[in-house]
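This report describes the fold of a single protein chain for a reader at the bench. The sequence and the model are displayed below for reference.

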Amino acid sequence: MKPPLRVAMIGHAFMGAAHSQAWRTAPHFFDLPLDPEMAVVVGRDHQRAADAAARLGWAESVTDWREVVARDDIDLIDICTPGDTHEAIALAALAAGKHVLCEKPLANSVGAAERMAQAARQAFPAAVAMCGFSYRRSPALAFARELIAQGRLGEIRHVRGQYLQDWLSDAETPLTWRLDKSKAGSGALGDIGAHLIDTAQWLIGENITGVSSVLHTFVPERPIGEESGGLSSRAPGGARRGPVTVDDAALFTARFVGGAIGIFEATRFALGRRNANRIEINGSRGSLSYDFERMNELEFYESDAPAEQGFRRIQMTEPEHPYAAHWWPPGHGLGYEHLFTHQVVDLIEAIATEDQPRPSFDDALGVQRVLDAIERSAADRSIWTPIDDAESSGGPA
Ligand code: SOE
């Protein structure tokens, strides 16, 4: 019998469903040191929380997160709520000695992220905290990181990141919490641009030292619809309208500690691009290119074979590839939900060995500092804005 890891999940919308799938699936495909138990799901509305428990596989449901944080029979708090609630839940959970998995971005401000990172440092190793930058768990990106660490790309020169979605292209798509700055912190920037920042810094192992940026809101007012919790693409809106208080699109250029330069774009208005999270890295010896919409592939170019030059498409399903051996035979690909399964697998292994899981709250604080600098630059004529502490903190692992 393995020791149990009794989980309480707060929130049960889109991310709650993805996390539930992960907790449910992980022990069936990975030989884990602890046995995750889906103990409680928390939601504000009694009936909706009870429905979510039945649908997603949780043993019970309650309506107050404080109740589960105070319980002795809970080991881990999984935070799947909007950003404005992360700090209070995470601080209470860590103070109560619970492990924490917190959705990204870590917080809605640098101040909140700093307090969370400090609480995580104090709680470690009795309790560990991790932020859910799930794309790190894509086999292709994990493999790309290994190739870069081995020096296969040489000196890194360019980082080109795009995260393109289109679910807000229609001006009649109603408001959701993701368009409310007081709940989400920012728009495309924090929701999907944060993934680009985390991926870029983690892939090349170097922090961003400064940025110049543009933020833009194409549709400043939208119908007030029923809060769906997820991406309410083309849901019918009512006659009443409310303000969009976040960016629809974020563009920024960046410099990295080691001398690489980056160009990034995050938007919810790229019609036809549903979830194109892409990154291309060019080094002195080779290049790598990834697009989440083809997540089972990685393109790799090496310049030392002049007669055979060209990108080659590596299918990321061989048993040698990160995570892949636990799933299907080669060629039988993975999808979005596998990122979340890998995320809880890595977290459970870190808990069992008392290691710091990555991305730590400190890593996520680093992302928050970049998000903050991007907002300040955009508000001040795109002026070049250095990142506080970028040079002093070590490269993200
Ligand atoms: C919504 O834009 C969203 O669900 C993000 O919040 C996720 O982090 C990303 O994986 C997909 O898009």
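The following text treats the two sheets, the packing of helices, and a few residues with notable backbone geometry.

**The parallel sheet**

The structure is a predicted model. One open sheet has six strands in the order β3-β2-β1-β4-β5-β6, and its pairing is parallel. At its edges stand β3 and β6 (129-132), each with a single partner strand, so one side of each is left without a neighbour in the sheet. Averaged over this sheet, neighbouring strands are turned by 25 degrees against each other, direction ignored.

Strand β2 (residues 35-42) is mostly covered, since six of its eight residues are buried. On one side, β2 pairs with strand β1 (residues 4-10) in the parallel sense over seven bridges. Within that pairing, I10 stands opposite V42 of β2. Strand β2 is also joined to strand β3 (residues 60-62) by three bridges, and these two strands run parallel. Here V41 has S61 of β3 as its bridge partner.

The connections between these strands are helical. Strand β1, helix α1 (residues 14-29) and β2 form a right-handed β-α-β unit. A right-handed β-α-β unit is likewise made by β2, helix α2 (residues 46-56) and β3.

Towards the other edge, strand β5 (residues 99-103) pairs with β6 in the parallel sense over four bridges. In this pair, L101 is matched with M130 of β6.

**The mixed sheet**

A further open sheet contains nine strands with mixed pairing, in the order β16-β15-β14-β13-β7-β12-β11-β8-β17. Its edge strands are β16 and β17 (385-386), each of which pairs on one side only. Strand β8 (residues 208-216) and strand β11 (residues 249-256) are antiparallel and share eight bridges. Among the paired residues, L215 stands opposite A250 of β11.

Two helices that pack on this sheet may be described next. Helix α6 (residues 139-149) touches β13 (276-283), β14 (286-291) and β15 (297-302), and its direction makes about 165 degrees with that of β14. Helix α10 (residues 361-379) touches β8, β11 and β17, and its direction makes about 50 degrees with that of β8.

**Helix-helix packing**

Two packed helices are described by the angle between their axes and the distance between the axes. The axes of α1 and α9 come within 8 Å and cross at roughly 60 degrees. That angle makes α1 oblique to α9. The crossing is right-handed. The contact involves A18, H19, Q21, A22, W23, T25 and A26 of α1, together with E337, F340, T341, Q343, V344 and V345 of α9.

Helix α4 (residues 86-95) and helix α5 (residues 110-123) pack at about 15 degrees, with their axes 10 Å apart. Angles under 35 degrees count as roughly parallel, and α4 and α5 are therefore roughly parallel to each other. Their crossing is left-handed. The residues in contact are E87, A90, L91 and L94 of α4 and A112, R115, M116, A119, A120 and A123 of α5.

**Backbone geometry in the loops**

Most residues other than glycine have a negative phi, and most peptide bonds are trans. The table lists sites that depart from this pattern.

| Site | Feature | Value |
|---|---|---|
| K104 and P105 | cis peptide bond | omega about -15 degrees |
| R358 and P359 | cis peptide bond | omega about 0 degrees |
| Y323 | positive phi | near 70 degrees |
| S382 | positive phi | near 60 degrees |

P105 is located in the loop between β5 and α5, and P359 in the loop between α9 and α10. Y323 belongs to the loop between β16 and α9, whereas S382 lies in the loop between α10 and β17.

Is Y323 buried or exposed? Y323 is buried, because 21 other C-beta atoms lie within 10 Å and the threshold for a buried residue is 20 or more. S382, with 17 other C-beta atoms within 10 Å, is partly exposed.

**Residue H326**

H326 is placed in the loop between β16 (312-315) and α9 (336-353). With 16 other C-beta atoms within 10 Å, H326 is partly exposed. Apart from its neighbours within four places in sequence, H326 is in contact with F29 and F30. H326 and K104 are separated by 222 residues in sequence and by 26 Å in space, C-alpha to C-alpha.

How values were computed:
Residues numbered from 1 in each chain as written. Predicted model: local features only at pLDDT ≥ 70, side-chain atom pairs only at ≥ 80, totals over all residues. Buried ≥ 20, exposed ≤ 12 C-beta atoms within 10 Å, placed from the backbone. Contact = placed C-beta atoms within 7 Å. Pairing = 2+ DSSP bridges. Right-handed = clockwise from strand over helix to strand, strands pointing away. Axes fitted to C-alpha atoms, helices over the stretch in contact; angles between N-to-C directions. Parallel < 35°, antiparallel > 145°, perpendicular 65-115°, else oblique. Left-handed = near helix turned anticlockwise from the far one by under 90°.
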